[in-house]
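Open the model in your viewer and show it as a cartoon. Keep the selection tool ready. We will make a few stops.

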Amino acid sequence: MTMASLQLNNAIAKPFFVGMRPSSSNKNSVGRIRCAATTPSKRYTITLLPGDGIGPEVISVATNVLKLAASLEGIEFDFQEMPVGGAALDSTGLPLPAETLSAAKQSDAVLLGAIGGYKWDKNEKHLKPETGLLQLRAGLQVFANLRPATVLPQLVDASTLKKEVAEGVDLMVVRELTGGIYFGKPRGFSVNENGQEIGFNTEVYATHEIDRIARVAFETARKRSGKLCSVDKANVLEASIFWRKRVTAIASEYPDVELSHMYVDNAAMQLVRDPKQFDTIVTNNIFGDILSDEASMITGSIGMLPSASLGESGPGLFEPIHGSAPDIAGQDKANPLATVLSAAMLLKYGLGEENAAKRIEAAVLDTLSRGYRTGDIYSAGNKLVGCKEMGEEVLKSVDSQVPAPV
């Protein structure tokens with residue numbers, strides 16, 4: 001089955017954690033895994049793409065959490081693990097083998113770890129791991145990328161911003177994912193009239209590409225606080241002038257949403273000066289890539305933020321927004337929570353299984369409330385743990401059936 005309509009209808013809810021109240025500590029053993037609350041009545045096929053670097057580590061943790069939370073709701077999964085990125089290059093010679101894309105298309109949802117690493121940095125462009133990710137997004141036609149950035153009360157001190165600036169931040173970046181300069185043509189290398197070698201790319205958007213992402217953003221803002229900021233560079237770029245024109249036109253369909261526009265350089269500055277002024281941000285592919293990473297650091301760590309990439313049909317792609325971190329790969333230092341929360345987004349937005357998703361969200365909050373921290377979010381007075389132990393503690397919280405918010 002495909003979950004297209006569920007994806008774009010459900011993807012407009014408030015981001016995770018809003019209004020949640022974590023439970024008190026518990027002493028349950030991670031080894032005691034509960035049976036399903038009911039006889040399994042639903043079964044989904046999930047394609048796992050561990051990828052490179054820390055990808056396999058965080059995917060392993062997230063898969064265990066996903067299985068347990070779902071089993072308590074009477075849900076079972078058929079998992080299929082496929083290569084992508086550098087791992088695929090090493091095994092097949094291609095960053096996205098046809099078999100991987102075919103498996104992804106035929107599944108109900110796709111969970112991705114991370115791709116890339118120093119090993120493949122000098123490869124030609126078509127043989128870079130990142131090319132496989134772009135091909136995957138294009139192949140699945142997932143044009144709307146949702147990246148929530150919420151400062152959790154437990155992690156407000158982990159933000160590099162002052163507490164009074166970071167506390168209460170709750171925003172969503174809606175990034176166009178399959179157009180713009182990453183996909184535009186012409187592109188390539190050439191020689192100019194002076195005989196100098198040049199490299200060039202094209203930032204290009206068609207009407208339908210802007211209109212559809214704008215509607216997702218307006219719907220998202222409508223279900224949040226009714227404020228949408230469209231980010232562009234319309235004082236310099238023709239593509240941005242057109243972007244602003246189309247977003248403004250779509251705004252007439254949403255008179256209940258307050259639309260504002262901001263140049264990307266100012267938006268980058270405002271995100272660190274006064275992030276609470278933003279609720280929902282919509283922007284193009286490259287600006288969204290940059291601004292969502294910036295927003296992640298307001299929350300304390302890029303290792304905390306999940307994302308959902310959705311289309312009009314077919315399975316969604318769910319992944320943490322962090323990279324492969326090859327410098328810590330295999331050392332049990334990675335923060336798996338962004339991938340765990342991506343699994344929650346998979347349940348909620350990809351499959352429409354809200355109760356199972358809430359179990360994961362509540363378990364993450366409970367684990368943080370009990371003081372467990374990986375190195376990227378550690379502060380004095382908490383317990384420093386590795387990737388595996390963090391996963392075990394989340395499993396304990398899921399297994400204890402921490403009450404999910406109503």
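First, a term. On a 1 Å grid over the protein atoms alone, a cavity is a set of points where a 1.4 Å probe fits but cannot get out; lining residues have an atom within 4 Å of a point. Points are joined across faces, edges and corners, and a volume is the space filled by probe spheres set on the points.

This is a predicted model: local features need pLDDT of at least 70, side-chain atom pairs count only at pLDDT 80 or more, and totals for chains, interfaces and linings use all residues. Residues are numbered from 1 along each chain as its sequence is written, and side-chain values use heavy atoms, without hydrogens or water.

**Stop 1: a cavity**

The whole structure holds two cavities of 30 Å³ or more. The second largest has about 30 Å³ of space. Select its lining: Glu203, Tyr205, Val231, Asp232, Ala239, Ser240, Trp243 and Asn284. Strand S8 and helix H8 (238-251) each give two or more residues to this lining. H8 gives the most, with three. Helices (H or I, at least four residues) and strands (E, at least two) are DSSP runs, numbered from the N terminus.

**Stop 2: strand S10**

Now select S8 (residues 227-232) and S10 (residues 280-283). They run parallel, joined by four bridges. Two strands pair if DSSP finds at least two bridges between them. Find Val231 in S8. Its bridge partner in S10 is Thr283.

Which residues of S10 sit on each side? Thr280 and Val282 are on one, Ile281 and Thr283 on the other, and all are buried. Buried means under 20% relative accessible area, exposed over 50%, partly exposed in between (1.4 Å probe, protein chains only). In a regular strand, side chains alternate between the two faces of the sheet.

**Stop 3: Arg175**

Add strand S5 (residues 170-176), where Arg175 lies. S5 pairs with S10 in the parallel sense over four bridges. Arg175 stands opposite Thr283. Is Arg175 buried or exposed? Buried, with a relative accessible area of 1%. Show side chains: a polar contact (N or O atoms within 3.5 Å, one able to donate a hydrogen and the other to accept it) of 2.8 Å joins Arg175 and Asn285.

**Stop 4: helix H13**

Finally, select H13 (residues 387-399). Ten of its 13 residues are buried, including Cys387, Met390 and Leu395. Past the helix comes Gln401, whose phi is positive, near 55 degrees.

Note on methods:
Expected span 1.5 Å × (residues − 1). 1 Å grid on protein atoms, 1.4 Å probe; cavity = no way out; pocket = protein on both sides within 12 Å on 5 of 7 lines; lining within 4 Å.
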